[in-house]
Amino acid sequence: MKDKFPLEEPNPTVPFLKGPHLFLGTIISEWYLIQNMVRRDLKGRYSRASIGFGWIFLEPLLLSAVYYVLFTIIANRPEPNYALYVIIGVIVWGHFGKSLQATITCLSNGGNLIKQVYFPREILAISPVLSQLWISVISLTAVIPVMWYLGVMPSTTIWMLPVALILTSMLALGFGLIFAPLNAFSQDVSHLFRFIIRAGFFLSPVMWTYEMMIARAPDNWVNIIMLNPMVIPLTYARHGLDGTPIEFEVTHLLYCVGVAVLSLLIGMAIFKRLESKAVKHL
Amino acid sequence: MTNAIEMSDIGLHFPMGRGLVSGLTNAFRSNESSKRRFTALKEINLEVHQGEVLGVIGRNGSGKSTLLRVIAGIYRPDQGSVKARGTTSLLAGVNVGFNQNLTGRENVHLYGSILGHRKEMIDQMMPDILEFSEIGEFMDQPLRTYSSGMKARLGIAIASAIEPEILLIDEVLGVGDPQFREKSKKRILDLVKSTGTVVIVSHSFGLMKEICNRLVLVDKGRIICIGETSEVIAAYYELDK
């Protein structure tokens, strides 16, 4: 009876190529733990405020109002639906930035727990992205009053909205996983990314739109701008809600999906490979 | 005799440099000797038999806790190999997984799932945890309203409600008021008796003599000796000289 358990290494080295497979397996087998971690994140953030979860709704609304006023003065009201585009842009970009930052700092902030209990560390990376996804989906209800005011109705293009959120989450998690172990080596990485996320706000279609860019940018610039994999998710989210169709060049679309999938696979492999080394730096 | 834990020629080094470059070089060339690292464990050869209670003693900073963390899988050794039979569970710093804004009950589910339990198991453990921790109606209040003693009791109650094949204990007996300390000591002793194999780190030699079959003396990351409790404790006092 005692021999039913074989002698095993408690935390074996994982072959690089098997990383993604094991990573996904852990997500399924530890789903209950992930749920509890997400609940901890959400309750920790909002339960002590009297408006509580209302902040999820209010924050993007207030932020967008400021940007809208500012940019209508500067850009002189470029499009009738500009207010709607700004608020969607702010929410989707916020989703990307916060998920990315949370994943990058997951090891360096989880030090206490990591050093006391052994549990699969990928839980620490995946749960903040899921919490943020939950928050972002709730925030999106803030677009309803804006849409009502502008008289915009969603149509069959609504499928683009979940696709946009999934692509955004994949990109944030993928890049986050690649850099999370490096951030445990040196926190310079998260400082660098804080800057990248701020700069990306302006380099991505948050305050401007894909259509403005196509209309104004010289042809050879379009390809450079489309190297930013967030252009397509942001634009998809906007057209998903305002109900108008959008066509991208196939190469641009393939590039965006390719970056999302590859970054996620490489991220999972790197994270699984380096996490046990990174833990020693905590 | 079968072994529950086998450690052969374990070496573990902590990097000292804080830079990105040194971190990466350490990650990819761990076997190279480097001046910029701290050797926490060196040439550790240890076999823990099935069903025994093994005590680890040594000075502060000698590597006792690190040794337990290697067995638990928290640190992967740079050299050598460690193998364990069945699930291991480390009792250390008892309320690390807690969140101030969750209720006691939610914290039981959170910490329990971090320790690797399924939902049904945690539901099963709940009455026992309630009774042992003496939290009462505070169970459905946020943890921030708890006194530090209550938090510690809840932590011990959850951590000791487990039944792993191998139990690793790192100095968790010193919390709460004297009555609770006595109670948690008894609880851990019961756990020690019901668990197959136990490795315990403690500075309380009285306790160690009482419960351990063998002791290991660790100093500066190396094993100095393994043997009968009284011999090893005598060897501990020889370290000063």
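**Figure 1. B:Gly11 faces B:Gln79 across two strands of chain B.** In this predicted model, the bridge partner of B:Gly11 in strand E4(B) is B:Gln79. The pair belongs to a set of five bridges that join strand E1 (residues 3-15) of chain B to E4(B), and the two strands run antiparallel. Strands count as paired here if DSSP finds at least two bridges between them. Local features need pLDDT of at least 70 and side-chain atom pairs pLDDT 80 or more, while totals for chains, interfaces and linings use all residues of this predicted model. Residues are numbered from 1 along each chain as written, chains are lettered from A and ligands numbered from 1 in the order written, and side-chain values use heavy atoms, without hydrogens or water.

**Figure 2. Chain A adds a strand to the sheet.** Here's where the two chains meet strand to strand: two bridges join E1(A) to strand E4 (residues 79-85) of chain B, and the pairing is antiparallel. Which residue of E4(B) is the bridge partner of A:Glu8? That's B:Ala84. Next door in the view, A:Leu7 stands opposite B:Arg85 in E4(B). Zoom out a bit and you get an open sheet of four antiparallel strands, ordered E1(A)-E4(B)-E1(B)-E2(B). Its edges are strand E1 (7-8) of chain A and strand E2 (37-49) of chain B, each pairing on one side only. The helix and strand labels come from DSSP runs (helices are H or I with at least four residues, strands are E with at least two), numbered from the N terminus.

**Figure 3. B:Arg37 is tucked into an edge strand.** B:Arg37 is found in strand E2 of chain B, one of the two edge strands of the open sheet. Is this arginine buried or exposed? B:Arg37 is buried, with a relative accessible area of 16%. The labels used throughout are buried for under 20% relative accessible area, exposed for over 50% and partly exposed in between (1.4 Å probe, protein chains only). If you want a landmark, B:Ser65 lies 28 residues from B:Arg37 in sequence and 18 Å away in space, C-alpha to C-alpha.

**Figure 4. Strand E6 of chain B is covered on both sides.** Strand E6 (residues 166-170) of chain B is mostly covered, with five of its five residues buried. In a regular strand, side chains alternate between the two faces of the sheet. In E6(B), B:Ile166, B:Leu168 and B:Asp170 point one way, B:Leu167 and B:Ile169 point the other way, and all are buried. E6(B) pairs with strand E5 (residues 88-91) of chain B over four bridges in the parallel sense, and the bridge partner of B:Leu91 in E6(B) is B:Ile169. Strand E7 (residues 197-201) of chain B also pairs with E6(B) in the parallel sense, over five bridges. In that pairing, B:Leu167 stands opposite B:Val198 in E7(B).

**Figure 5. Two cysteines of chain B stay unbonded.** How many disulfides does the structure hold? Zero, over all chains, with a disulfide taken as a pair of cysteine sulfur atoms within 2.5 Å. The sulfur of B:Cys212 has its closest cysteine sulfur in B:Cys225, 14 Å away, so the gap is too far for a bond. The two residues also sit in unlike surroundings: B:Cys212 is buried, at 9% relative accessible area, whereas B:Cys225 is partly exposed, at 23%.

**Figure 6. Chain A, with a close-up of A:Ile74.** Chain A has 14 helices and one strand. The radius of gyration of chain A is 21 Å, close to the 19 Å that the globule rule gives for 282 residues, so chain A is as compact as a globular protein of that length. That radius is taken over C-alpha atoms, and the rule is 2.2 Å times the number of residues to the power 0.38. Along its principal axes, the C-alpha trace of chain A spans about 75 × 50 × 35 Å, and 55% of its 282 residues count as buried. In the close-up, A:Ile74 is found in helix H3 (residues 54-75) of chain A. This isoleucine is exposed, with a relative accessible area of 61%.

**Figure 7. Chain B as a whole.** Chain B brings together eight helices and nine strands. Its radius of gyration is 19 Å, in agreement with the value near 18 Å for a compact globule with 241 residues. Taken along the principal axes, the C-alpha atoms of chain B fill a box of roughly 55 × 45 × 35 Å. Of the 241 residues of chain B, 56% count as buried.
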